[in-house]
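Q: I have a protein model open beside its sequence, and I would like to learn how to read its features one at a time. Could you take me through it?

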Amino acid sequence: MLSRKVTSHGQDSSYFLGWQEYEKNPFDPIHNPSGIIQMGLAENQLSFDLLESWIEENQESNWYRKQGGSVFRELALFQDYHGLPEFKKVLAEYMSEIRGNKVKFDVDKLVLTAGSTSANEILMFCLAEPGEAFLIPTPYYPGFDRDLKWRTGVEIIPIHTSSSNNFTITKPSLQEAFQRAQTLKLKVKGLFLTNPSNPLGTALSLQELHLLLSFSLSHSLHIVSDEIYTATASFPTPSFTETLSRLLPDPLHPAWSRLHVVSSLSKDLGLPGFRIGAIYSHNVELVAAATKMSSFGLVSSQSQFLLSRILADKGFIRGYARENRRRLGRRRGVMRAGLREAGLRCLRGEAGLFCWVDMRGAMGPGPASFEAEAELWRRMVMEFGVNVAPGKSCHCSEPGWFRVCFANVAEETLREALRRIKAVVADAGVRR
C-alpha cells in the first residue's frame, strides 16, 4: 500500500488525460496519419536547428582540456549546489539580454534548480506553511495544481478574470480572491503570476503590474513571477523587476525582499530535457534556504558546462533570440490564419507557444457549460484526433476556451491539425 501523498498526484485533469490518449495513438505523417496530433504540449522546437548548427560548428576536441589537466574530472566530481560560477555568470547576463538589458541580475542572488517546476515548488516550501495560500489569476497552467500543491500542502485561491476585458486582472477580482481566502480561514502569503501568461499568451500591462505591486505592498505579500516565456514575446515586455526598479529604486525597500523571479531555458532555448531553471531574489534568507533545497534537484555539471559555452557566445545568442522570435511570430500567424478560416478567434497575444482559442460557437446548441466543453474536448481528441487543453483544466471561469499549442510540431502537421479543427467546427454546425 502506497502513501496517500504519492497517490494524490492530481493527474486526473483532462490536461493529463489528453496526453495519455495521445501516447496510445501518436500521429505520424507516414506511419500513423490517422493518429492524435499533440497540440497540448507547450514546447519550442522551431529553432532547434540553430542550436544543432552551433554544436556542430563549435564542438572541439579540446573542450575538456585545460592547462595542467582535464576539465572532465572536475565535472564528473563536481557536486556543489551553488552551481558552476561561469555558468551562473552567463545565465545572469542572458536573463538581462532577453529583457532588453533594462534590468541587471546579480549572480549572488541566483539559485539554480532542475527546471522551473523545481524552482516553483522550492519557493512554495520556502514561503508558505502547509495550509497557507497563494492567489493565482485564472486561467493558469494546469500543472500548477501539482507543482505548487502536491508535496508542499500549499493552497491555491483563484483570482477570476473574464473574457469581457480580455482576462485582465482587476482590483475587484484581487479583493474578491483575498476575501474568499479569509472566509476559508486561509492565510494568504503571496501572489503567483506567470508573465507572459500560460495559457493566455499575453504579457501583464503596466497598469496590471502597478496594481499587483500596490496590492502586495498593502497586504505585505510575496510575489512569485514565473517568467519562463520571456524570450517568446515578439518584443521585450514589462516585468516586475523593471517596474519595481522605477517605482522603488532603493534596493533596501522591503518590497524587494518579497519579489522572486523564476526563469528557465526550457521555453526560451527549447531545452526542457536539460532541466535548467533558476530562482532570482533579493531576499538573502530565501536565497540561502532555496540553495540548500536545490540539492534535491540539481542541474548536472555537464549541462551547465555545455550551456555556459553556448550562452557565452553573445553574437550567437543575440542572433538566436531575433530569429527565434521571428519564427514564433510567423508560426503564430499561421495558427491565427487557420483559426480564422475555421471561423474561430483567439485572444490577441504576442508571447508564449500557444493560442487561447474561443470555441464557444462549436459547443453545440443550448447554453454554454463545462459539460458541453468536456464533450467537445472528448470529440476533438477521440473522433478528430487533436489533443488540446480545455479551459476547465486551466481553471477558466468561462466554458468554451481552449489552449492550442503551435511550436512543438512541423508546420505541415500544424496545418493538418487546423484542418481537423475546422472539421470539428463544421461538424458542430451540422449537429445544430
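A: What follows is a conversation about cysteines, helix pairs and one buried tyrosine in a predicted model.

Q: How many disulfides does the model have, and how is that count reached?

A: A disulfide is called when two cysteine sulfur atoms lie within 2.5 Å. By this rule the count for the model comes to zero.

Q: Why is there no bond between Cys346 and the closest cysteine sulfur?

A: The closest cysteine sulfur to that of Cys346 belongs to Cys355, and because the two are 4.1 Å apart, they are too far from each other for a bond. Looking from the other side, Cys355 also has the sulfur of Cys346 as its nearest cysteine sulfur, and Cys355 is in no disulfide.

Q: Are Cys346 and Cys355 buried or exposed?

A: Burial is judged from relative accessible area, and a residue under 20% counts as buried. Cys346 has a value of 16%, so it is buried, and Cys355, at 3%, counts as buried too.

Q: Where does Cys346 lie, and which residues does it touch?

A: Cys346 lies in strand S11, which covers residues 345–346. Leaving aside residues up to four places away in sequence, Cys346 touches Arg336, Leu339, Cys355, Trp356, Val357 and Asp358. A separation along the chain can also be set beside a separation in space: Cys346 and Cys405 are 59 residues apart in sequence, while their C-alpha atoms are 12 Å apart.

Q: What is the angle between helices H5 and H10, and how should I describe it in words?

A: Helix H5 (residues 115–127) and helix H10 (residues 284–293) pack at about 125 degrees, with their axes 10 Å apart. An angle between 115 and 145 degrees is neither roughly perpendicular nor roughly antiparallel, and H5 and H10 are therefore oblique to each other. Their crossing is right-handed. On the H5 side the contact is made by Ile122, Leu123, Phe125, Cys126 and Leu127, and on the H10 side by Leu286, Ala289, Ala290 and Met293. Sorted by class, this contact has nine nonpolar residues, with no polar and no charged ones.

Q: How are H1 and H13 placed relative to each other, and which residues meet there?

A: Helix H1 (residues 14–24) and helix H13 (residues 370–382) pack at an angle of about 20 degrees, and their axes are 11 Å apart. Angles under 35 degrees count as roughly parallel, so H1 and H13 are described as roughly parallel to each other. H1 passes H13 in a right-handed crossing. Ser14, Leu17, Gly18 and Glu21 of H1 meet Trp377, Val381 and Met382 of H13, and by class this contact has four nonpolar, two polar and one charged residues.

Q: At what angle do H2 and H11 cross?

A: The axes of helix H2 (residues 48–58) and helix H11 (residues 301–312) come within 12 Å and cross at roughly 100 degrees, which makes H2 roughly perpendicular to H11. Leu51, Trp54 and Ile55 of H2 make the contact with Leu306, Arg309 and Ile310 of H11, and these residues divide into five nonpolar, no polar and one charged.

Q: Where does Tyr15 lie, and is it buried or exposed?

A: Tyr15 lies in helix H1, and at 7% relative accessibility it counts as buried. Not counting residues up to four places away in sequence, Tyr15 touches Gly40, Tyr141, Pro142, Ala389, Ser393 and Arg403. Tyr15 and Cys394 are 379 residues apart in sequence, yet 8.3 Å apart in space from C-alpha to C-alpha.

Key: Residues are numbered from 1 along each chain as its sequence is written. This is a predicted model: local features need pLDDT of at least 70, side-chain atom pairs count only at pLDDT 80 or more; totals for chains, interfaces and linings use all residues. Side-chain values use heavy atoms; hydrogens and water are left out. Buried means under 20% relative accessible area, exposed over 50%, partly exposed in between (1.4 Å probe, protein chains only). Axes are lines fitted to C-alpha atoms, for helices over the stretch in contact, and angles run from 0 to 180 degrees between N-to-C directions. Helices (H or I, at least four residues) and strands (E, at least two) are DSSP runs, numbered from the N terminus. Angles under 35 degrees count as roughly parallel, over 145 as roughly antiparallel, 65 to 115 as roughly perpendicular and the rest as oblique. A crossing is left-handed if the near helix is turned anticlockwise from the far one by less than a right angle, and right-handed if clockwise. Contact means heavy atoms within 4.5 Å. Ala, Val, Leu, Ile, Met, Phe, Trp, Tyr, Cys and Pro count as nonpolar, Asp, Glu, Lys and Arg as charged, and the others, Gly among them, as polar.
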